[in-house]
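Grab a pencil and open the viewer. Can you work through a few short exercises by looking things up in the model yourself?

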Amino acid sequence: MVRKLLLSLWIAVCLVPAYAQLEHPASFDGKSWWEHIKVLAADDMEGRDTGSPGLKKAEAYVVGQLKAAGLQPAGVKGYYQPVKLESRRLAEKESNAALIRDGKAEALNLGEDVIFNTRVDLAPAVEAPLVFVGYGLSIPEKDFDDLAGLVLKGKVVVLISGSPSQIPSALAAHYQTAGERWKALRAGGAIGIISIPNPASMDVPWSRTSLNRLHPSMELVGAEFDETAGEKLALVFNPAHADKLFAGSGHTFQELAELAKERKPLPHFPLTVSIRAKAKLKKKAVESANLVARLPGNDPQLKNEYVVLSAHIDHVGIGEPVNGDRIYNGAMDNASGVAVLLDVAASLKKHPENLKRSLLFVFVTGEEKGLLGSKYFAAHPTVDPKSMVANINIDMFRPLVPLKMLTVLGMAESDLGDAARQVAESVGVSVQADPQPLRNVFVRSDQYSFIRHGIPALALDIAPTTPEEKQTYQDWLTNRYHAPSDDLDQPVDLAAAGKYEDIIRLLLVRVANDAERPQWKPDSFFCRYAEAVKE
Ligand SMILES: [Zn+2]
């Protein structure tokens with residue numbers, strides 16, 4: 001820890017003067033950023049749900065802006081890269097779930113007690129004993145195994161989301177992805193998962209999650225993308241009702257939740273109840289698209305390499321009304337990120353002489369459905385996969401307060417983290433690593449799709465620095481995150497947005513012009529993906 005810090009300070013001292021020499025240090029004021037958001041998050045974009053007419057309209061706007069700015073199309077059909085998806089909706093009237101206690105069925109209320117996770121291709125009927133597996137994590141590199149010694153064959157596991165404190169946040173986040181988690185459980189013979197959200201890290205209140213439970217989920221078409229094959233049942237259990245699961249086990253949910261809040265180890269034990277569930281899924285083919293634009297670099301060699309700036313353009317669409325509003329506009333999530341890409345692309349196009357490497361601007365679809373567009377793009381990029389040297393992703397960076405500090409997700413994983421620190425500090429902004437590891441944000445946006453293909457990546461968010469500011473961010477999550485009120489009628493700090501755009505542009509130029517391509521830190525867990533790509 002200390003060694004790394006000293007090293008990065010040393011680099012900062014050596015390299016800071018380079019930024020002062022930038023030829024065109026134009027700066028943004030946030031106004032153009034807000035103009036784009038006014039279009040993308042307007043009600044007539046209908047919340048930009050994946051595959052919807054609203055999203056197509058938003059994409060047409062972005063394509064128009066890219067054309068006008070003179071960016072080259074770099075998709076499959078012009079700027080577009082088509083993405084094939086399957087949507088799945090639960091037919092709730094034909095579905096049910098119950099706990100079986102001493103041979104008697106106690107019906108569970110769908111929505112109140114449990115929600116079916118339709119991202120998993122649920123089996124029509126499941127009946128199985130339950131076992132509590134703590135966090136349900138198996139992390140060989142840290143000799144941590146919640147599953148050790150447990151008999152999982154034919155069982156549905158019950159787990160609390162989260163991780164013990166000895167697991168670094170990026171690693172914990174990685175092993176909590178649906179695919180990684182399922183690998184270990186499947187190897188042990190489990191047939192399903194009941195997950196209980198950790199009350200210490202719930203971004204969205206249960207009532208709101210429940211309200212939109214019948215909104216279709218989506219998956220990429222193709223076996224290569226099916227990470228939960230063999231998972232027959234996937235339920236999310238309301239933490240407020242979780243004692244129904246633990247009655248008779250000698251444990252209470254409150255006792256377990258307190259341990260999970262402190263990131264302490266959790267016990268493992270069989271439950272006295274078993275689960276019986278029926279799920280009917282309605283499936284439909286959906287077409288959507290990523291958008292890809294190129295800004296060529298000028299170095300004869302390095303122009304064949306790309307620095308990728310990405311942001312998801314989709315949001316969650318039209319849903320159940322909250323305070324009479326049905327349109328989930330997604331202004332901060334993530335019209336704001338799209339607007340940064342448009343501003344930065346247009347600005348750099350005006351000064352292409354600054355760039356050695358080429359830049360790729362990727363507007364991905366299906367993020368809200370599970371990083372689907374980026375997963376597809378990273379697996380089937382429209383440029384040579386080995387030519388992508390770095391990904392910087394922007395998702396919900398939230399300029400709610402003046403920009404004094406950035407949270408850099410993935411900061412310790414690659415030397416991109418050092419670059420971000422130096423660039424931020426050059427304009428008087430400090431940086432911090434992920435302050436809330438329980439929320440798993442590192443794997444919750446599109447940078448993760450690039451990381452899994454060996455590409456060093458980062459995501460940057462504006463960080464609150466005082467207790468009042470922290471409360472502002474927490475309130476935003478509780479009230480506006482994935483709610484209709486993430487719309488144009490909310491206070492944002494335009495100067496902070498502009499400064500953020502300056503930093504993103506400086507960082508892009510810095511990475512595009514560096515003699516060396518970015519490298520994973522040798523001790524980063526994510527090195528393994530880069531090694532796998534090289535082989
Ligand atoms: Zn979102």
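Below are five exercises, each with a worked solution.

**Exercise 1. Find out how confident the predictor is, and where pLDDT stays under 50.**

Keep in mind that this is a predicted model. Start with the whole protein: the average pLDDT is 92, and 95% of the residues score at least 70. Next, look for the weak stretch. That's residues 1-24, where pLDDT stays under 50. For this stretch the model has 23 contacts beyond four places in sequence.

**Exercise 2. Describe how helix α3 and helix α4 pack.**

First locate them: α3 covers residues 31-40 and α4 covers residues 53-69. Then check the geometry, which gives an angle of about 145° and axes 10 Å apart. Now pick out who touches whom: α3 brings H36, V39 and L40, while α4 brings A58, Y61, V62 and Q65. Finally, sort the residues of this contact by class, and you get 5 nonpolar, 2 polar and no charged ones.

**Exercise 3. Decide whether helix α11 is largely enclosed or not, and say what covers its buried residues.**

Take residues 372-379, the 8 residues of α11, and count the buried ones: there are 6, so the helix is largely enclosed by the rest of the structure. By name, the buried residues are L372, G373, S374, K375, F377 and A378. As for the cover, it includes the strands β2, β11, β14, β18 and β19, plus helix α13.

**Exercise 4. Work out which residues coordinate the zinc ion and what kind of site they make.**

Begin with the donors: D333 (OD), E368 (OE), E368 (OE) and H482 (NE2), at 1.9 to 2.4 Å. With four donors, a tetrahedral site would need all angles between 85 and 135 degrees. Here the angles run from 57 to 144°, and the site is irregular. Then trace the chain: D333 sits in helix α10 and H482 in the loop between α14 and α15, so this pair ties together parts 149 residues apart in sequence. Last, zoom in on D333. Its relative accessibility is 2%, so D333 counts as buried. A cis peptide bond links D333 to N334, with omega about 10°, and N334 is also found in α10.

**Exercise 5. Are D102 and N323 buried or exposed, and where is each found?**

Take D102 to begin with: you'll find it in the loop between β3 and β4. D102 has 73% relative accessibility, so it counts as exposed. N323 is in the loop between β16 and β17, and at 81% N323 counts as exposed. Now check the backbone: phi of D102 is near 50°, a positive value in a residue other than glycine. For N323, phi is near 50°.

Notes:
Residues numbered from 1 in each chain as written. Predicted model: local features only at pLDDT ≥ 70, side-chain atom pairs only at ≥ 80, totals over all residues. Heavy atoms only, no water. pLDDT = per-residue confidence, 0-100. Contact = heavy atoms within 4.5 Å. Buried < 20%, exposed > 50% of the residue type's maximum accessible area, 1.4 Å probe, protein only. Helix = DSSP H or I, 4+ residues; strand = E, 2+ residues; numbered from the N terminus. Axes fitted to C-alpha atoms, helices over the stretch in contact; angles between N-to-C directions. Nonpolar A, V, L, I, M, F, W, Y, C, P; charged D, E, K, R; others polar. Donors = N, O, S within 2.8 Å, 3.2 Å for Na, K, Ca; no water. Tetrahedral: all angles 85-135°; square planar, octahedral: opposite > 155°, others 65-115°.
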